[in-house]
Amino acid sequence: GGPVRTPNADRLAANGLKFNRFHTTALCSPTRQALLTGRNHHTVGMGGITEIATAAPGYNSIRPNTCAPLAETLKLNGYSTAQFGKCHEVPVWETSPIGPFHAWPTGSGFEYFYGFIGGESHQYYPAIYEGTVPVEPEKTPDEGYHFMEDMTDKAITWVNQQKALMPDKPFFAYFAPGATHAPHHVTPEWADKYKGEFDDGWDALRERTFAKQKELGLIPADAELTARHDEIPAWDVMPEDLKPVLRRQMEVYAGFFEFTDHHVGRLLDALEKLGILEDTLVYYIIDDNGASAEGTINGTYNEMINFNGAAALETPEFMIERLDDFGGPDSYNHYSVGWAHALCTPYQWTKQVASHWGGTRNGTIVSWSKGIKARGEIRSQFTHVIDVAPTVLEAAGLPQPTFVNGVQQRPIEGLSMAYAFDDGEAAERHTTQYFEMFCNRGIYHAGWTAGT
């Protein structure tokens with residue numbers, strides 16, 4: 001229902017299923033570790049991002065060996081495995097090129113890794129590793145370099161090589177772009193596609209999105225749009241001299257998103273050319289948990305200014321002088337809180353807020369032509385990111401592991417979503433789920449929620 005054109009997401013959805021009650025944890029590292037292990041984020045030590053780890057149980061950023069990742073299980077059962085893009089699961093004291101590397105992707109079940117280890121990276125000048133070795137991009141931004149294109153090229157090369165050398169061996173790929181996390185980096189040709197489309201501001205965007213969601217049947221026809229909280233300013237009260245900057249922030253973000261979808265499409269095309277797309281289970285999980293409100297009320301030309309407590313230095317005059325540079329190699333930009341809130345329509349709040357669906361509910365597409373008979377349908381059973389791993393294991397015909405490398409395993413806490421693939425009316429099985437992030441707490445049980 002959002003404003004960005006995503007033809008490849010639409011293509012997958014038309015050939016698969018749209019899950020409109022799929023959830024994440026509200027933040028990067030916790031969601032990723034939950035996704036990769038099938039366990040709740042505190043079970044695997046990731047109660048927050050790696051950078052804020054403490055000695056408290058559930059928050060130390062160390063995945064216990066009793067919770068082996070999905071990639072390790074698949075590798076031990078004959079799969080080729082690779083990870084591309086963002087990692088953000090490595091304890092910060094182990095993130096340098098000297099290791100240790102046991103928590104890096106290549107120590108966590110992935111035979112090949114090409115991407116960055118931290119929470120975000122410059123898309124024109126990324127800090128890339130191949131395996132555990134730092135490498136430099138082969139081109140400059142002036143020569144057309146962008147990490148999204150680069151990581152897609154590497155993924156296509158890897159899967160082509162894997163199928164050329166071992167055509168009968170299955171593969172598991174975790175394709176995790178730095179997009180559309182900040183910094184929002186994309187060339188003007190993509191951002192300019194959206195020129196003028198956000199001139200009426202974020203409150204109007206919420207209303208349009210809400211109407212479209214009803215039209216698509218994603219939300220009930222009698223749903224009411226949640227109120228905008230006082231902490232998030234109305235578009236009409238924003239300074240007029242800042243509005244050209246605010247509009248450009250959203251144009252750049254939208255272009256960045258469409259650009260990302262374009263490269264996802266290139267990867268899908270590569271699988272199709274190999275004749276394996278129909279027999280590939282694809283999860284397309286959209287968004288940065290909830291949309292990110294980390295760009296301040298005014299948005300920012302350099303996100304790091306906010307993280308260093310100096311956002312006041314970015315006056316409207318400062319940003320207007322750099323209006324044409326948003327999204328370019330000299331920027332490190334992020335949009336305003338108002339846009340983040342609009343992109344979480346129809347819910348309250350945003351990323352980091354685990355007590356409300358704005359922080360945790362993510363549009364998710366599942367496509368698998370040979371394994372799912374249904375086409376283009378919506379699934380409204382409650383699902384969570386910890387459900388991905390057990391679904392993949394069920395699809396692969398593999399039992400959930402009791403021992404991995406000689407270590408007894410904690411049970412996977414997620415529940416396979418496969419029961420809902422061909423039965424939209426099936427009773428939901430994931431009936432209870434808790435949420436917690438920065439003391440924002442929520443719980444879902446049998447159709448009811450409580451949050452604080």
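This is a short walk through one structure, and it is a predicted model.

Okay, let's start with the sheets. There's an open sheet made of 5 strands, and reading across it the order is 6-5-4-3-7, with mixed pairing. At the edges sit strand 6, residues 133-135, and strand 7, residues 171-176, and each of those pairs on one side only. From one strand to the next the twist averages 15 degrees. A quick reminder for anyone who doesn't do this every day: strands of a sheet pair through backbone hydrogen bonds, either parallel or antiparallel. If you want to find a piece of this by eye, go to strand 5, residues 128-130, which pairs with strand 6 in the antiparallel sense over 3 bridges. There you'll see Glu130 standing opposite Val133 of strand 6.

Now put a helix on that sheet. Helix 2, residues 28-37, lies across strand 3 (80-86) and strand 7, and its direction is at about 170 degrees to strand 7.

The other sheet I'd like to show has 3 strands in the order 14-15-16; it's open too, and the pairing is antiparallel. Its edge strands are strand 14 (432-437) and strand 16 (448-451). The twist there averages 10 degrees from one strand to the next. Strand 15, residues 440-445, pairs with strand 16 over 4 bridges, and His445 is opposite Trp448.

Next, the inside. In soluble globular proteins, nonpolar side chains tend to be buried together. Here the largest nonpolar core has 61 residues, and the ones with the most contacts inside it are Phe84, Phe175, Met250, Tyr335 and Trp339. Which helix gives this core its largest share? That's helix 7, with 14 residues. Take Met250 as an example: setting aside neighbours within four places in sequence, Met250 touches Pro3, Phe198, Leu205, Tyr335, Trp339 and Leu343. There's also another core, apart from that one, with 32 residues, including Phe172, Val366, Ala389 and Leu398.

Have a look at helix 1 as well, residues 7-14. Its buried residues are Asn8, Ala9, Leu12 and Ala13. Why do they end up on the same side of helix 1? Because they cover an arc of only 140 degrees around the axis. Among the elements covering those residues are strand 1 (17-19), helix 7 (243-273), strand 8 (282-285) and strand 9 (364-367).

Let me spend a minute on Lys154, which is in helix 4, residues 147-165. Lys154 and Phe84 are 70 residues apart in sequence, but their C-alpha atoms are 7.9 Å apart in space. Beyond its neighbours within four places in sequence, Lys154 contacts Phe84, Tyr112, Tyr114, Glu130 and Glu138. So Phe84, one of the best-connected residues of the largest core, is a contact of this lysine. Lys154 also makes a salt bridge with Asp150, with the closest N and O atoms 3.6 Å apart. The two are 4 residues apart in helix 4, so about one helical turn separates them. And is Asp150 buried or exposed? Buried, because its relative accessibility is 10%, and the cut-off for buried is under 20%.

Staying with charges, the count comes to 19 salt bridges. Arg322 pairs with Glu321 at 3.3 Å between the closest N and O atoms; Arg322 is partly exposed at 23% relative accessible area, while Glu321 is exposed at 62%. Glu413 and Arg410 meet at 3.6 Å, N to O, with Glu413 partly exposed at 28% and Arg410 partly exposed at 40%. Then there's a network in which salt bridges with shared partners join Arg11, Asp269 and Glu272.

Last stop, the backbone oddities. Most residues other than glycine have a negative phi, and most peptide bonds are trans. Where are the cis bonds to look at? One runs from Gly99 to Pro100, with omega near 5 degrees, and Pro100 is in the loop between strand 3 and strand 4 (112-116). Another runs from Ala182 to Pro183, with omega near 0 degrees, and Pro183 is in the loop between strand 7 and helix 5 (188-191).

For phi, His88 isn't a glycine, yet its phi is positive, about 65 degrees. His88 is in the loop between strand 3 and strand 4, and at 3% relative accessibility it counts as buried. Asp287 has a positive phi too, of about 110 degrees. Asp287 belongs to the loop between strand 8 and helix 8 (303-307), and at 33% it counts as partly exposed.

Conventions. Residues are numbered from 1 along each chain as its sequence is written. This is a predicted model: local features need pLDDT of at least 70, side-chain atom pairs count only at pLDDT 80 or more; totals for chains, interfaces and linings use all residues. Side-chain values use heavy atoms; hydrogens and water are left out. Two strands pair if DSSP finds at least two bridges between them. Axes are lines fitted to C-alpha atoms, for helices over the stretch in contact, and angles run from 0 to 180 degrees between N-to-C directions. Contact means heavy atoms within 4.5 Å. Buried means under 20% relative accessible area, exposed over 50%, partly exposed in between (1.4 Å probe, protein chains only). The arc is that of the directions from the helix axis to the C-beta atoms. A nonpolar core is a set of buried Ala, Val, Leu, Ile, Met, Phe, Trp, Tyr and Cys residues joined through side-chain atoms within 4.5 Å. A salt bridge is a side-chain nitrogen of Lys or Arg within 4 Å of a carboxyl oxygen of Asp or Glu.
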